[in-house]
Amino acid sequence: MNNSTRRTLLKNTLAISGAVIVTKAIATPNTDKNVILTPQNITTDITNTDSHQSFYYANRKYESPQNSLNRDIKCNICIIGGGLTGITTALNLARAGISDIILVESDEIGSGASGINGGQLSVGYEESMQYVIDKYDVDLAKKLWPLSVNSVSDVRRNINTYGIDCHWINGIGGVAYKPEDFEDLKNEYELLKSTFNYHNMELYNTKDTRDILASDLYHGMLYDKTSAHINPLNYLLGITNILTTNFKQQISIYTYSPVSNVEKNEQSDKFDVTIKDKFTITANKIILAANFSSTQIYQGISNKTIAVRDIVLTTTPLPQTIATSLIKNNMAVYDTRNVMNYYRLTEDNSLLFGGGAPQGSYDKKSAFLSLYNELINTFPQLQGVGVSHFWEGLESTTVNKLPYIGYTEDKNVYYAQGFTGHGLNISNIAARVMVEAITGDTTNIDFFKQLNHISVPRNETLQDLMSNLGVLYFKMKDW
Ligand SMILES: Cc1cc2nc3c(=O)[nH]c(=O)nc-3n(C[C@H](O)[C@H](O)[C@H](O)COP(=O)(O)OP(=O)(O)OC[C@H]3O[C@@H](n4cnc5c(N)ncnc54)[C@H](O)[C@@H]3O)c2cc1C
């Protein structure tokens with residue numbers, strides 16, 4: 001049986017079992033919050049959570065290139081990392097007419113955060129514009145906001161221009177977890193209208209929110225109509241496919257080619273990029289797009305980010321009527337907690353549901369059950385629903401939750417990381433501003449340099465500790 005037949009058979013089986021379970025579940029809602037709920041049907045190994053276990057990997061429409069670097073080589077620009085930041089930067093460089101580019105990825109394209117995330121392409125940044133105004137100033141906020149709005153249009157344009165099959169759906173709702181959170185949403189709504197002249201959003205009170213979203217948990221919603229949700233792996237692999245066909249004269253992509261070190265050769269003024277501890281790429285310029293690993297492989301920039309873990313599951317596909325009854329307008333949703341849950345319906349009506357998890361080693365079964373219980377707490381009518389996929393991934397965050405994007409003084413090394421849950425959009429902004437800088441215009445990238453991030457230790461154990469303490473602190477604040 002070929003892969004696609006097997007996938008179709010599996011999908012149909014899941015759809016039928018999902019329908020049966022959901023129908024049963026609706027008949028017997030759980031009312032005892034102390035009972036730990038378990039799915040009636042799990043078709044995935046919950047102790048194996050790598051990127052190949054994701055819903056996206058099982059439903060990919062395009063394949064990653066599979067050629068590993070096995071010789072020394074020279075190039076003009078070397079991009080390290082085959083996620084959205086690296087691949088979009090490659091696309092923008094190629095479209096700007098630049099050639100002699102090499103992109104190296106340690107695994108397959110999309111094996112990092114870009115191929116496994118919640119799929120929410122949202123305007124703005126993790127912190128509100130009010131925060132940016134308070135911490136910096138209104139002028140900086142007024143520069144950052146439109147970059148993020150225009151970036152969503154860029155992604156949409158890429159999808160249309162290259163005909164990428166990644167299931168774009170408009171609309172994301174930020175839902176108030178506590179009554180007082182609605183006040184913050186209301187203030188941000190007013191601020192965006194008055195100071196940023198941004199109007200593509202709607203504010204809903206508790207009752208109107210519950211008419212759209214079949215959950216009793218929330219106290220209102222700020223619904224953004226520019227934002228959207230997509231299948232991120234198909235978007236990423238779709239762009240990669242364009243690079244390896246339309247732009248193959250300008251760029252070469254090597255997968256399974258981990259970089260162990262980047263070093264500047266002071267005599268030649270070039271960079272030596274060591275691959276698999278064996279081969280060397282000699283490059284004029286470097287783009288560090290390896291997420292939180294970037295500052296491990298190149299010591300020439302300071303570390304400002306911490307890796308944080310998220311876990312995600314998808315239910316078995318829901319019958320259309322049930323899917324529509326959960327989220328009537330088919331938006332993606334995130335709640336206002338610091339350690340939030342986020343969810344959306346996928347292209348086959350599975351409910352994709354994610355949230356934060358501890359760092360370092362942790363008990364996967366408990367984390368899975370805790371996430372499943374968050375889901376059922378949100379939608380008690382789904383009690384018992386089956387689970388088709390469960391996976392985890394790391395993303396990077398900064399202390400002030402704003403992105404770390406910049407370049408070195410000699411203008412030869414560019415970096416972008418610390419996107420804190422907004423990387424679908426910010427990776428595209430980063431790609432745009434880095435390529436503008438490389439082609440001579442540093443205006444936009446310099447706005448990000450003004451964010452002045454606090455340095456963080458490179459040591460992984462210390463970072464795990466900081467991240468776990470941070471999650472604990474924020475969970476207590478969320479109570
Ligand atoms: C579970 C989860 C859910 C998320 N949900 C959302 C969401 O809904 N919306 C949103 O906007 N953002 C979300 N994010 C964040 C978003 O996915 C990231 O910010 C974004 O994908 C980062 O893109 P990137 O290309 O910079 O990094 P990555 O996608 O992580 O890519 C970096 C690449 O570099 C490669 N690499 C690492 N080290 C080396 C090396 N030494 N040599 C060569 N290659 C190397 C990695 O294998 C990887 O492929 C989520 C993240 C996670 C983990």
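How many helices and strands does the secondary structure of the protein come to? The count is 14 helices and 17 strands. Keep in mind that this is a predicted model.

Some overall figures. The protein has 479 residues, and 48% of them count as buried. Now the contacts. Take those between residues at least 6 apart in sequence: 79% join residues at least 24 apart.

On to the ligand. There are 41 residues around it. Which come nearest? Five glycines do: Gly 81, Gly 83, Gly 112, Gly 118 and Gly 423. Next, the elements. Those giving two or more residues to the shell are helix H3 (84–95), strand E11 (305–315), strand E15 (387–398) and helix H12 (423–438). H12 gives the most, with four residues. As for chemistry, the shell divides into 15 nonpolar, 22 polar and four charged residues.

Stay with H12, since there is a helix pair to show. Two packed helices are described by the angle between their axes and the distance between the axes. Here the partner is helix H5, residues 138–162. H5 and H12 pack at about 95 degrees, and their axes are 9 Å apart. Angles of 65 to 115 degrees count as roughly perpendicular, so H5 is roughly perpendicular to H12.

Which residues meet there? From H5, we have Leu 147, Ser 148, Ser 151, Val 152, Asp 154 and Val 155. From H12, we have Asn 425, Asn 428, Ile 429 and Arg 432. This contact divides into four nonpolar, four polar and two charged residues.

To recap H12: this helix gives the most residues to the shell around the ligand, and H12 also packs with H5.

Technical notes: Residues numbered from 1 in each chain as written. Predicted model: local features only at pLDDT ≥ 70, side-chain atom pairs only at ≥ 80, totals over all residues. Near = placed C-beta within 6 Å. Nonpolar A, V, L, I, M, F, W, Y, C, P; charged D, E, K, R; others polar. Axes fitted to C-alpha atoms, helices over the stretch in contact; angles between N-to-C directions. Parallel < 35°, antiparallel > 145°, perpendicular 65-115°, else oblique. Contact = placed C-beta atoms within 7 Å. Buried ≥ 20, exposed ≤ 12 C-beta atoms within 10 Å, placed from the backbone.
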